[in-house]
Amino acid sequence: MRLILLGAPGAGKGTQAEMLMKLYNIPTISTGNIFREHISKNTELGQEAKKYMDEGKLVPDELVLELVKDRIVQKDCENGMILDGFPRTIPQAKALDAMLEEIGKPIDSVLDVEVPDEVIIERMAGRTVCPSCGASYHKLFKVETVLGICNECSTHLIQREDDKEETVKKRLEVYHAQTKPLIDHYQQQDKVLVIDGVGTVDEVRARVKKALGVN
Ligand code: AMP
């Protein structure tokens, strides 16, 4: 199963990706998480990506594509993968289509998780993330067992620089201008499943499963 999760920043893609990963036993490839790992290791790529990320802008396509090209041919992706936060521009989508065509493994479905901007802005204010393993939490929707501490690896949780309100507004603008056109692109391939992303994690999870035809 090869899935793309589309939706604005804060639409809940990461949370649904965690569920889908267990359901299909396939990896999630989150370009945002890969960049954050590079930043925490202070690599050259991390330093370059950070400049864009902190301003709520997209990292240039060439840098993103280089990463993804190497990642999707790894052995753990043989039976499928969930793409979270990639592709984000039309050139990325076209490059991905070409890469997958070359290996004869096209995308099966694109889940478009729809959440209005006002709801996103409210949600982001409560979001925290583990800087070590990437798990995400929310003060209303997914509360950690011990406040401020990651359930998975006991690291102190932080608010991402790019989750601050001004940056969120910029990221939403970028989403509407550059990523939304991907819905049309994949609708032309008849692959889009629209999911109402407003509600609890469980409600959205049930809608995702229903759209994919699983229990
Ligand atoms: P995310 O965690 O997916 O919201 O990504 C955080 C930030 O990483 C984005 O706001 C972008 O600056 C950058 N980023 C992640 N994935 C991509 C991508 N596919 N194309 C361009 N920039 C990306």
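This report describes the ligand site, one helix and several loop residues of a predicted model.

**The ligand and its shell**

The ligand is surrounded by 16 residues. Those that come nearest are Thr-31, Arg-36, Lys-57, Gln-92 and Arg-171. By type, the shell divides into six nonpolar, four polar and six charged residues. Helix α2, which runs over residues 31-40, gives the most to this shell, with four residues.

Three contacts between protein and ligand atoms can be listed side by side.

| Residue | Protein atom | Ligand atom | Distance |
|---|---|---|---|
| Val-59 | backbone N or O | nitrogen | 3.0 Å |
| Gly-85 | polar backbone atom | nitrogen | 3.0 Å |
| Arg-88 | polar side-chain atom | oxygen | 3.0 Å |

Taken alone, the ligand exposes 480 Å², and the protein buries 96% of that area.

**Helix α7**

Helix α7 covers residues 165-179. How far apart should its ends be, at 1.5 Å a residue? The 15 residues of α7 should span 21 Å, and the end C-alpha atoms are 20 Å apart, which agrees with that expectation.

The buried residues of α7 are Thr-167, Val-168, Arg-171, Leu-172, Val-174, Tyr-175 and Thr-179. They cover an arc of only 165° around the axis, so they lie on the same side of α7. An α-helix has 3.6 residues a turn, so residues three or four places apart point the same way. On the other side of α7, Glu-166, Glu-173 and Ala-177 are exposed.

Arg-171 links this helix to the ligand site: Arg-171 is among the buried residues of α7, and Arg-171 is also one of the residues that come nearest to the ligand. The side chain of Arg-171 makes a polar contact of 3.3 Å with the side chain of Asp-163. Asp-163 itself is placed in the loop between β6 (136-138) and α7. Is Asp-163 buried or exposed? Its relative accessible area is 2%, under the 20% limit for a buried residue, so Asp-163 is buried.

**Loop residues**

The loop between β6 and α7 also holds Ser-154. Ser-154 is not a glycine, although its phi is positive, at about 65°. With a relative accessible area of 55%, which is over the 50% limit, Ser-154 counts as exposed.

A positive phi is also found at Asn-42, a residue other than glycine, where the value is near 55°. Asn-42 lies in the loop between α2 and α3 (44-53). Helix α2 is the element that gives four residues to the ligand shell.

Two prolines in loops can be added. Pro-87 lies in the loop between β3 (81-84) and α5 (90-102). The peptide bond that leads from Phe-86 to Pro-87 is cis, with omega near -5°. Two of the ligand contacts in the table involve Gly-85 and Arg-88.

Pro-131 is found in another loop, between β5 (127-129) and β6. Its relative accessible area is 43%, between the limits of 20% and 50%, so Pro-131 is partly exposed. The C-alpha atom of Pro-131 is separated by 26 Å from that of Asp-117, and the two residues are 14 residues apart along the chain.

Technical notes:
Residues are numbered from 1 along each chain as its sequence is written. This is a predicted model: local features need pLDDT of at least 70, side-chain atom pairs count only at pLDDT 80 or more; totals for chains, interfaces and linings use all residues. Side-chain values use heavy atoms; hydrogens and water are left out. A residue is near a molecule or strand if one of its heavy atoms lies within 4 Å of it. A polar contact is a pair of N or O atoms within 3.5 Å; within protein, one must be able to donate a hydrogen and the other to accept it, and residues adjacent in sequence count only if both atoms are side-chain atoms. Accessible areas come from the Shrake-Rupley method with a 1.4 Å probe; for residues, only the protein chains shown count as cover. Ala, Val, Leu, Ile, Met, Phe, Trp, Tyr, Cys and Pro count as nonpolar, Asp, Glu, Lys and Arg as charged, and the others, Gly among them, as polar. The expected span of a helix is 1.5 Å times one less than its number of residues. Buried means under 20% relative accessible area, exposed over 50%, partly exposed in between (1.4 Å probe, protein chains only). The arc is that of the directions from the helix axis to the C-beta atoms.
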